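Here's a friendly walk through one protein model, from its aromatic rings to a small sheet. Have the structure open and follow along.

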Amino acid sequence: MRDEELELELELELERFFKSLPEIPVPELLTQRVKQRMDTVVRKRRRVTWTKRSLGTAAAGVLLFSGSVMLVPSFAVYAKQIPGVEAAVRWLQSAGEYMGVNHAKLHGYYPVTPYVTTWGEREVSIDHLYLEDDYIHLTVTMKGKDIEDAFRNNRIVNAEVEYSATAPELSEHSVASSSDSSIGYPVESREESQKRYQRQMEDIYVTKIAYHLDPAYVEELRSSKQPRFITIKLEKIKRNKEFKITHKESKVIQVPLGAENFKPARIVKLDQDWNIADKAFQQVYLDNIRIYPTRMLLDVGTRIDGGGRFELNSPNNWEDIQDNIQLTDETGKVYPILSAGINSSMLNGVTRSTWDFIPSIYFDGKPKTMTLHVKKIWMSQYKIADQFTIRMDDQYPKKIHYRGKEVVIAGVSYSNGYLRLRVEPDENGYNPLECTFLTYEPYYLKLQELDGEEKWKQRGLEIFTPETEAIPMTGKQLDEKYTSLSRAGAISWSPEFGYYSKNFDVWELSGKKMPVYDMMIMAPEQQEYRITARRYHEPVVVNQKLKFTVPGVGSADDRVGTVLQPAYMKTVSDLEDDIADKASRLIRKVAGRKVELNGVEEYKGTSYHDITVYSKDNKSYVKLDEKQGTADVHVETSYPDLDPASKRIIEAETGLSEQELALQAQKITRKMTKGSQDVVTLLESKGMRIVQMKGDQITSLYYEVPEDKVNQKAVQAAERAVHHMLGKYVKFEVVRRSMDMYDNGMRDVYRLENKERNVDVSVDYHTGQILDISLSDLYETQTDDTEKMFRQFTDDQVIEAASSDVMKVFGIRLAGYQVCRDEGSSYYTFTKPGHPTIEGYMNRHQKFSDYFLKPFNDTHN
């Protein structure tokens, strides 16, 4: 049956069903736009406001209302299974973002039928459960009178009531996404969305669970001879106005996974060049198209002179995305773009992007001719595009030149740590420097010291220069200075430029034409500045159509592979002997053993010659940059296969046996990057780093310490501190060791937590000194009302409130200390020249929930 006939039959069934429905309000869907980068989990909740907490909570659940109801095989039957949920069907029938799942079900692909149960008086359904080669997603729908009451009284929006659904087992096997920036796009127009969201339904709560998974784990699930289930934990939490939990209830359910019905993706090798006229683009190519049953992912490689990346929308507008980029087939059918992401690493100068289109051509038996039409892109380039000089004593207005065009600086000034430029509009009334990133280069380079992964090397930066060495601060101290001078968020991070200070507040951009544009540059106060300028989200007109063919299902084609077994156009036997030997030698050095090689990708141009050689199991690779004579090597291995010398070092430092480490380390990678001869070894457990080594030196640890190996003096010190603050003893269920090496020191602590995870204490691993203590039940989220209270507390009152705690916990008298509060928060800092600094949170009852000890001259705690 053709798609059109299937859709007609579906519409007729829906129409019959709708005639039996009363007119019931439908839910309002808000779109979240959240992109935060977090390399490590920081316990400090500094400057977190009620508004941010509320929005975050809402984004996690309420705003993920989805089309789970509309996409089951028989809607009328399903709706009768859950009285009340059927009211969402009319609203969901036009939810364009779910057309990929709908299309798969039209073709009979629904591996798991909807799972229906109850939770107290609530009705619960699990739907959209799709397991893919490296990804799983499902939706959990809850309906009940208490949910309706919570919506009506805004208790969900204010996080006074919170519903959640989690999948603990899937979480343990999840892996980090390769994208460091990803954005979802609206599939339907604003007018269509407004029509769908003009009414409200306030008794249904839907949340989405989605994880990236290790393909090997998915293969294990799929090949299991016994039916597999996943555990879903449902939870409801109530909080009072001080954000304290006053009620908690939960239910655990087992849902059939349907892994035995899973259909593997088809990976089609394209290797198609895409020529862009802008000279900065050295190479752009369509690499693969990954065809899943519900969606299609197009992999794109980009090489920009000096490094860079491009996006498909401007920074603050993506409404025209469906017009800007279109994927069509030979019949003219359009496959809308659903999202776009950019890979977090740049290897040999190549940045990789992934674009997600729906629905899928997975079920089309005949070969397809696809056309990708791109009108415009927005490019950022790491390489400095231009420089100009600003003198404070010059006469203004003054013309400067940026990339061949004149820019008029109306005036300059310096205040609060920033050089400020007043820029006159261009001939069209816009800021001529809006698509540039301006820096005082020594300060910008200094900030890159904050990047522990040294991604600045990928951007071709040398951060240790005479100018940066002359700055009498570390990168962290520079960050702290500007956080104090300006506000939280003064220093940001972006995939394009690492750590930086914004030239203007992005959220204050209105798109309106201004008589003059204010820009600011983080810099010291001086008479003359050499300002560097880089291209940043600069629009580039492309207007090109790229055609490619996709073989039909079941057809024999060397270009077609799978996630676990990709197709390659070359193998290692096609390489010259010296190159093959070099690849084999390098990967053996990193792996510590011989690795069998197989597939090859090779790209050669006037300014580049890259060769990537993959291991036979496709888990490891070596990337050769033949022009530069450098290489990047990545090896995935297991603890038993780790080289004996590394195992001896790890086991001696942790005190754990080979068997204990093999159980904790779910994933082990070894890397050697260009410009370095050191092999970095990383052991991970449940997505968390437990051991990191550079060469033969351990630089980071975070592992669970067996009870018989824990220093009991550390436990006793933590128990006494908690007893003093809470008036009761708490049993610590989990003890971990957390250690990180820095250029000029280290932090090595026991981390102790109770079963409920509302008590957390850090004790120095070597000295037994308590460094941090966090009692989340005492913590109070800030609101405008609490801000009024805290303004009334005097310094003497705050010091008196903390004195007993600080003496008992840290052994420090607060006599002679000064205290200050971060505006808009309950975060206090106690300082005394030549003595340790103590920081902490206080609630309205003048009880501290958190303390952080920063020893004198310490920069790591």
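Phe 790, Phe 793, Phe 810, Tyr 828, Phe 830, Phe 848 and Tyr 851 are linked into a cluster by ring pairs. Rings of Phe, Tyr and Trp (its six-membered ring) pair if their centres lie within 6.5 Å. By that rule, the count is 32 aromatic pairs.

A quick heads-up: this is a predicted model, where local features need pLDDT of at least 70 and side-chain atom pairs count only at pLDDT 80 or more, while totals for chains, interfaces and linings use all residues. Residues are numbered from 1 along each chain as its sequence is written, and side-chain values use heavy atoms, leaving out hydrogens and water.

Phe 810, Tyr 828, Phe 830 and Tyr 851 turn up again in the largest nonpolar core, which has 57 residues; they are among the members that touch the most others. A nonpolar core is a set of buried (under 20% relative accessible area, 1.4 Å probe, protein chains only) Ala, Val, Leu, Ile, Met, Phe, Trp, Tyr and Cys residues joined through side-chain atoms within 4.5 Å. Another core, of 39 residues, lies apart from it and includes Phe 281 and Val 550.

Arg 295 has its charged end over two rings (CZ within 6 Å of the ring centre and within 35 degrees of the ring normal):

| Charged residue | Ring | Distance to ring centre |
|---|---|---|
| Arg 295 | Tyr 135 | 4.9 Å |
| Arg 295 | Tyr 292 | 4.8 Å |

Finally, the sheet: 4 strands (DSSP E runs of at least two residues) form an open, antiparallel sheet in the order E19-E20-E21-E25. Strands E19 and E25 stand at the edges with a single partner each, so one side of each has no neighbour in the sheet. Strands pair if DSSP finds at least two bridges between them, and E20 and E21 have 6.

How values were computed:
Phe/Tyr/Trp six-rings, centres within 6.5 Å; stacked < 30°, edge-to-face > 60°. Buried < 20%, exposed > 50% of the residue type's maximum accessible area, 1.4 Å probe, protein only.
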